[in-house]
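Reader: Before accepting any label attached to a model, I would like to see how each one is justified. Could we go through them one at a time?

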Amino acid sequence: MTAFFVRRIAGAFGVVAGVAVVVFVILHLTGDPATVMMPLEATRAEIAAFRHAQGFDRPLWVQFASFAWNALHGDFGLSLRHGEPALGLALERVPASAELAFTALALAVLVAVPAGTLAAVRRNSVVDVAARLLALLGQSTPVYWLGILLILIFGVQLGWFPVSGTGGWRHLVLPAVTLGMFTMARIMRLTRGSMLDVLQSDYLRTAVAKGVGPFRLIVHHALRNAWLPIVTAVGIELGTLLSQAIITETIFSWPGIGRLAYQAILDRDYPVVEAVVLLGALSFVLINLLVDLAYAALDPRIRYE
Amino acid sequence: MFQRGLQRRAAPALAAAFAFATLPGTGRAAGADSTVTISQGVDPVTMDPLKRTITPTQNVSLNMFDTLLRHDRDGKLIPWLATSWKHVAPTVWEFKLRRGVTFWNGDPLTSADVKFSVEKIKDPAEGSEQGPRVNTIARVETPDAYTVRYVTFRPTPIIPGYPWVLSIVDAKYWTAHGNEFEAEHPMGSGAYVFKSWRKDEELDLSANPKWWHGKPSIDNAVFKPIPEAASRVAALRTGETDLITNVPPQYQAQIQGGRDTKLESARSVRVLFVAFNTIKPGPQQNRLVRQAFNYAVDVPALIRTVLGGHGYETSTPVPPNFTGYSAKIPFYRHDLAKAKKLLAQAGYPNGRGLELVLNAPVGRYNRDKELAEAIAGQLGETGAKVTTKVQEWTSYVNQTSQRALTPLYMLGWGDNSYDADNTLTSLFQSDARLSTYSNPAYDKLVESARYEVDPGKRQALYDKALAILHDDAPWIFLFQYDDLYGTSKRLRWHARPDETLAVDEMSLGN
C-alpha cells in the first residue's frame with residue numbers, strides 16, 4: 001500500500017512538472033505579452049522598457065529556471081494584468097468554481113444514475129428511448145449553445161432564473177445545468193451500459209430466484225456491481241467539468257477560475273495562466289488518486305499491494 | 001416484476017431532480033431604489049487609476065477620480081478640476097485649479113496632487129501604461145497651491161498629458177499607504193465613492209454627497225461585468241442590468257424592439273481601415289494597385305449590410321471633430337470600372353496575376369471577420385484573387401508590432417486626444433512601430449505640425465499631409481464605427497464618442 005502511494009505521488013509530481021514545462025513553452029512561443037499589454041501607440045522603446053522590466057528579454061531557459069524555482073516556493077509572480085500575486089488571484093476564485101463544478105456534478109449524477117438505471121431495467125421501452133435521446137443530445141450539444149439557449153428560455157422568456165453572476169441558489173441553476181449536461185449524458189450512458197451487463201449476470205438471476213425484492217435487487221445487488229466504471233467516470237468527469245468551466249463561467253459571468261483563465265490567455269498574462277494550469281493539473285492528479293482509493297472501498301477484489 | 005417496483009421508487013427521485021432544475025423563482029428584484037447597474041465586457045483590473053489604459057478600467061476610475069479637464073459629448077474641452085488653461089509660453093502650459101475641492105477623506109486637492117499624479121506615471125519604475133501620454137512633459141511646476149504648470153521638452157501646440165483622462169490622486173493618502181493599498185482602496189475626489197469590489201462579480205460605488213459639482217442624481221452605481229455579448233443582451237432584457245456596452249449589430253433589433261430596452265449609439269473616435277504593407281515587397285507597393293483597391297471597395301454597402309447601418313464613411317485617418325481634420329480630402333467613391341482601369345495600368349489587366357492575402361483579427365472589433373470577408377469579396381470583383389487570413393488578437397497584435405502582416409491587414413484605431421498628431425505619427429511616420437508606410441515628405445510635414453504653435457499654419461501642414469495620404473493610399477479608407485449601447489428605458493443617458501461612462505451624466509426615470 002505504501003509503495004503504491006509513493007509510486008503514485010512520484011508519478012503525480014512528474015505529471016505536474018511536465019505540465020509546467022509544456023505550458024511555459026507554449027505560452028512563450030505564442031505571443032509577446034509586452035505588445036498585448038502596452039497601448040497601440042506605445043513606441044518601440046517603451047515596449048522594450050516594459051519587456052525588460054518584466055524580465056521577458058532574458059533567455060528562455062533562464063526565465064524557465066526562475067519560474068520553476070519560484071513556483072516551487074508558491075510564487076508565480078505578479079499578474080501582468082492585475083499587478084497582484086498570480087497564485088492569490090487564482091486561489092481566490094477556486095471556491096466559486098468548486099461550487100459550480102460540484103453542483104453540476106451532483107445534478108448530473110442525481111439525474112444520470114436513476115435515469116440510466118431505469119433505462120437499463122426497462123430496456124427498449126419509451127423510457128429507455130427517451131433517456132438515450134437525452135444522452136445523445138447532452139453529448140452532442142455544444143456547451144456554448146446550450147448556455148445561451150437556457151438563458152433565452154429560462155432567463156429572458158420565462159424570467160425564472162437570473163442569467164448572470166452569483167447570489168444565491170437561483171444564480172447557480174442555469175450554469176450548473178449547462179455545465180453538467182455533458183457529464184450527465186456520459187454518466188447516464190455508462191450507467192445504462194454497465195447495468196445492462198450486470199442485469200444479465202447469473203448471480204442476479206439467482207437473487208431473483210431467492211425472492212429478493214426489486215428495489216433491493218437493483219440497488220444492492222446490481223448497482224453495487226455496476227458502480228465501478230461509474231465512479232471512474234465521475235472522477236474523470238470532474239476534470240472535464242473544470243475544463244468546460246471556462247466556457248460556462250464566461251457565458252454566465254461566473255467569477256470562477258475558468259473565466260480568469262480565459263481572460264489571462266487572451267492577455268498572455270503568463271503568471272496567471274501558469275498558476276491556473278498548474279492548479280488544474282494538481283487537482284486532476286489528486287482526483288485520480290482519490291478515484292483509485294474509492295476503487296478499493298467499492299470493490300473488495302482490488303487491493304493495492 | 002421488479003421493473004415496476006423500481007419504477008415506482010425511482011420516479012419521485014427523478015421528478016425531484018428535474019424539478020430542481022426548473023423550479024420557478026420569485027422574479028426580478030424590485031428596482032425602486034436609485035441604483036444603476038452597468039455591464040461592460042470585462043471587470044476593471046485594478047483600482048489604481050494611474051496604471052492602465054484599457055477602457056473598461058478607465059471607465060470605472062473616471063467615476064471615482066476627477067481630471068483637470070473633460071470633453072463634452074462633441075469633443076469640446078470644458079473646465080473640470082482646472083477652471084482655466086493657457087499656453088503661457090512655447091513650452092509651458094498653465095492650469096488654474098478649482099478651489100475648495102476635497103478628496104473623500106477631506107484632504108484638499110491642490111497642485112501638489114497634480115504634480116504627484118503626473119510624476120507617478122512618468123516614473124519608469126512604476127511601469128505605467130499611461131507613460132506615453134505624459135512623455136512630452138519635462139517637469140511639473142507648482143508656483144502656488146492652485147496653479148500647475150506643465151513644462152514640455154519642446155514647444156507644443158497640443159495640451160500635454162491628456163488632462164481629460166489623467167486621474168488626480170491624493171498624494172498624502174497614497175504616500176502614507178503605498179501602491180498596493182491604493183490598488184484595492186482608492187481615494188479620489190470624484191462623483192462616486194468606492195464602497196466595495198468583488199473581482200469579476202461586482203463593484204459598488206455610492207454618490208459623493210460633497211462632490212464639488214453637486215451630489216450626482218443616482219445614489220448608487222454598480223459595475224457588473226458580463227463577458228459574453230449574448231449574455232449581456234439577455235441580462236439587459238431581464239432587467240438585471242441597465243446599461244451594456246459593445247452591442248454587436250445583430251442584437252440591435254432585439255434591443256430596439258424590447259419592451260424595457262432601447263439602443264443608444266455614438267459616433268466613435270475609432271476608425272477601421274485596411275492597410276497596405278508598403279515596406280514589404282509585393283504588388284501593394286504599386287500606388288496604382290492601392291488606389292484601384294480603394295475604388296473597388298464599396299464602403300457604404302459594407303456599413304449597410306455588415307454593420308446594420310452603424311458606421312460613417314471616412315476619407316482620412318483623422319475623424320471630423322479632431323483638430324487637424326481636413327474637409328478638403330475627397331472620398332474614393334466606389335467605381336469598379338475605374339479600379340479595373342488602374343489595375344490594367346499597373347500591369348494587372350482584369351486583375352490577372354494579382355493574388356493577395358487580407359489579414360484580419362477576429363473578435364477584436366465589431367464584425368471584424370465578416371467585414372474582412374466582405375471586403376475580400378468586393379476586391380475580388382476586380383478579378384484579383386483576395387483571400388482572408390483571420391487570427392486571434394493576441395498573435396495578431398504581435399505581428400502588427402513587428403510590421404509582419406502583409407500585404408493587406410485590417411486594424412482599428414481609436415484615439416481620444418481629439419488631435420491629429422497621435423494618429424498621423426503613430427500610424428504613418430517611417431520609423432513608427434505600427435507604420436508600414438514610408439514617405440520622407442510626409443514625415444517632415446507631420447513632424448513640423450507637431451511643434452507648430454500657430455493654428456492656421458498647423459492646419460495647412462495637416463491639409464498637405466492628408467492630401468499625400470489620399471494620393472499615396474497606404475490604406476483602404478473605411479469608416480468610423482458607431483458605438484452601440486443597450487440601456488433600460490428608465491435610464492436617461494446619451495452615449496459619448498470617447499466610450500467613457502460618466503455616471504454623473506446619467507439619471508433614472510420610471
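Author: Let us begin with the second largest cavity, which is lined by 14 residues, and A:Arg259, A:Gln263, B:Val42, B:Asp43 and B:Asp200 are those that lie nearest its centre. Please keep in mind that this is a predicted model.

Reader: What makes a residue part of the lining of this cavity, and which kinds of residue are found there?

Author: A lining residue has an atom within 4 Å of a point of the cavity, and 14 residues line the second largest cavity. These divide into six nonpolar, three polar and five charged, while the space inside comes to about 130 Å³.

Reader: How do you know which cavity is the largest, and what lies nearest its centre?

Author: The structure holds six cavities of 30 Å³ or more, and the largest has about 180 Å³ of space. Its lining consists of 15 residues, with B:Leu62, B:Arg70, B:Trp164, B:Arg496 and B:Thr500 lying nearest the centre, and that lining divides into six nonpolar, four polar and five charged residues.

Reader: Why is the pair A:Glu92 and B:Lys199 called a salt bridge?

Author: The rule asks for a side-chain nitrogen of Lys or Arg within 4 Å of a carboxyl oxygen of Asp or Glu. The side chains of A:Glu92 and B:Lys199 meet at 3.4 Å, N to O, so the pair satisfies that cut-off and is called a salt bridge. The count between chain B and chain A is four salt bridges.

Reader: What makes A:Arg192 and A:Asp128 a salt bridge, and which parts does the pair tie together?

Author: Their side chains meet at 2.7 Å, N to O, which the cut-off of 4 Å admits. A:Arg192 lies in helix α9 (residues 169–199) of chain A and A:Asp128 in helix α7 (residues 126–140) of chain A, so the pair ties together parts that are 64 residues apart in sequence. Over all chains, a search of the whole structure finds 36 salt bridges.

Reader: How do you know that chain B and chain A are in contact, and how much area do they bury between them?

Author: Contact requires heavy atoms within 4.5 Å, and 60 residues of chain B are in contact with 65 residues of chain A. The two chains bury about 5,400 Å² between them, with 62% of it on carbon and sulfur atoms. Across this interface, the rule also finds 11 residue pairs in polar contact, both residues being at pLDDT 80 or more.

Key:
Residues are numbered from 1 along each chain as its sequence is written. Chains are lettered from A and ligands numbered from 1 in the order in which they are written. This is a predicted model: local features need pLDDT of at least 70, side-chain atom pairs count only at pLDDT 80 or more; totals for chains, interfaces and linings use all residues. Side-chain values use heavy atoms; hydrogens and water are left out. Buried area is the accessible area (1.4 Å probe) that two parts lose on being put together, summed over both. A polar contact is a pair of N or O atoms within 3.5 Å; within protein, one must be able to donate a hydrogen and the other to accept it, and residues adjacent in sequence count only if both atoms are side-chain atoms. On a 1 Å grid over the protein atoms alone, a cavity is a set of points where a 1.4 Å probe fits but cannot get out, and a pocket is an open set with protein on both sides within 12 Å along at least five of seven lines; lining residues have an atom within 4 Å of a point. Grid points are joined across faces, edges and corners, and a volume is the space filled by probe spheres set on the points. Ala, Val, Leu, Ile, Met, Phe, Trp, Tyr, Cys and Pro count as nonpolar, Asp, Glu, Lys and Arg as charged, and the others, Gly among them, as polar. Helices (H or I, at least four residues) and strands (E, at least two) are DSSP runs, numbered from the N terminus.
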